[in-house]
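Trainee: Hi, do you have a minute to go through a structure with me? I'd like to start with how contacts are defined.
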Amino acid sequence: MFDSVLFISSAVLVLVGSLGVLFIKENLMHACVSLLTALFGVAGLYATLGADFLAATQLVVYVGGVVILMLFGIMLTGGGTSNENKFGIEKVPGMGSVKTYIVAGVNVLVISLIVIRIMANVMKDYKAVPLPPYESTVEKLGTLLVTDHVLAFEISSILLLGALVGAAIIARPTRRTN
Amino acid sequence: MASLYSYLFLSFFMFVIGMAVMIARKNVIAMLLGIELILNAAALNFVAYTRFINQNLDGHIMSLFIIVIAAAEAAVGLAIVIRFFQVRESIHVDDATQLQA
């Protein structure tokens, strides 16, 4: 019961939030808050899937880190509604003609047929078995991270260090050398 | 009740919306928002398959690394956007013409 309520509310958050990212054009701040809504919904979906640690990580890293970083980026590059011309918020021109839409429709059909054909083999053995009850995944995830996946763990730390140093170097203002 | 297919549909929806954001919007930061949507769709797929197909936790590990890489990508992408704004006074993607031959 609680599961269904959580799933439905999270799904509504995801749908509304991602549609908002696509369709809110006047103010980029609002689109960013809409992305935050969608990420909250994804955290709720993780919770319904029994991934408690991932739900917490999603909330901490995305809502506390990435979206705040995006908001700072928006503020540093001109804010929400100011100087619309410079900010590039204009209506997307009507893309394509009837011919391009027909080609796109044929592409959708062909690609979905290929994907269905591939997925049919994967999903052949799938039966809706009764699911195991929820249990905490934190301990198992910690054990897996330092035993089976320790190489990826270390490489990700090096990646984060490189990304931070690179971001600081790229965003640094130019220093005149004379 | 929520089955595997409902999660797959949600993930598909998020992926398509993110792709449309990346194609249709001309603002560089809005395109970064679309990338975040796409990465989240992939991570949601991993966790859903972990719950419904095989109950080992490798999908969770993969999703965790996706979150880490998304954070690094957001930092570097925003640094590039801020640098671009310092140089060209604009973050419209059509203004990025300096590397054209």
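Mentor: Happy to. Two residues are in contact if their C-beta atoms, placed from the backbone, lie within 7 Å. Keep in mind that this is a predicted model.

Trainee: Good, let's use that. Leaving aside neighbours within four places in sequence, which residues is B:Ile29 in contact with?
Mentor: From chain A, B:Ile29 is in contact with A:Leu28, A:Met70, A:Gly73, A:Ile74 and A:Thr77. B:Val81 and B:Ile91 are on the list too.

Trainee: And which residues touch the most other members of the largest nonpolar core?
Mentor: B:Ile29 again, together with B:Leu33. That core has 61 residues. On the chain A side, α1, α2, α3 and α7 each supply at least two of them, and so do α1 (4–24), α2 (28–52) and α3 (58–88) of chain B.

Trainee: Now the interface. How many residues of chain A are in contact with chain B?
Mentor: 59 residues of chain A, and they meet 52 residues of chain B. Several chain A helices supply at least two residues each to that side, including α1 (2–23), α2 (28–48) and α7 (150–171). The largest share comes from α3(A), with 11 residues.

Trainee: What is that side made of, by residue class?
Mentor: It divides into 43 nonpolar, 14 polar and 2 charged residues.

Trainee: Changing topic: what does chain A look like along the sequence?
Mentor: The pattern reads α-α-α-α-α-α-α. In other words, chain A has 7 helices and 0 strands. Of its 178 residues, 24% are buried. Among contacts between residues at least 6 apart in sequence, 59% join residues at least 24 apart.

Trainee: How do α1(A) and α2(A) cross, left-handed or right-handed?
Mentor: The crossing is left-handed. Their axes come within 7 Å, at an angle of roughly 155 degrees. Angles over 145 count as roughly antiparallel, so that is what α1(A) and α2(A) are to each other.

Trainee: Which residue classes are in that helix contact?
Mentor: The contact of α1(A) with α2(A) has 14 nonpolar, 10 polar and 1 charged residues.

Trainee: One last residue, A:Ile102. Is that one buried or exposed?
Mentor: A:Ile102 counts as exposed, because there are 11 C-beta neighbours inside 10 Å and the cut-off for exposed is 12 or fewer. The residue lies in helix α5 (residues 98–122) of chain A.

Trainee: And how far apart in space are A:Ile102 and A:Val66?
Mentor: 38 Å, C-alpha to C-alpha, with their positions 36 residues apart in sequence.

How values were computed
Residues numbered from 1 in each chain as written. Chains lettered and ligands numbered in written order. Predicted model: local features only at pLDDT ≥ 70, side-chain atom pairs only at ≥ 80, totals over all residues. Helix = DSSP H or I, 4+ residues; strand = E, 2+ residues; numbered from the N terminus. Nonpolar A, V, L, I, M, F, W, Y, C, P; charged D, E, K, R; others polar. Axes fitted to C-alpha atoms, helices over the stretch in contact; angles between N-to-C directions. Parallel < 35°, antiparallel > 145°, perpendicular 65-115°, else oblique. Left-handed = near helix turned anticlockwise from the far one by under 90°. Buried ≥ 20, exposed ≤ 12 C-beta atoms within 10 Å, placed from the backbone. Core = buried A, V, L, I, M, F, W, Y, C linked by C-beta atoms within 7 Å.
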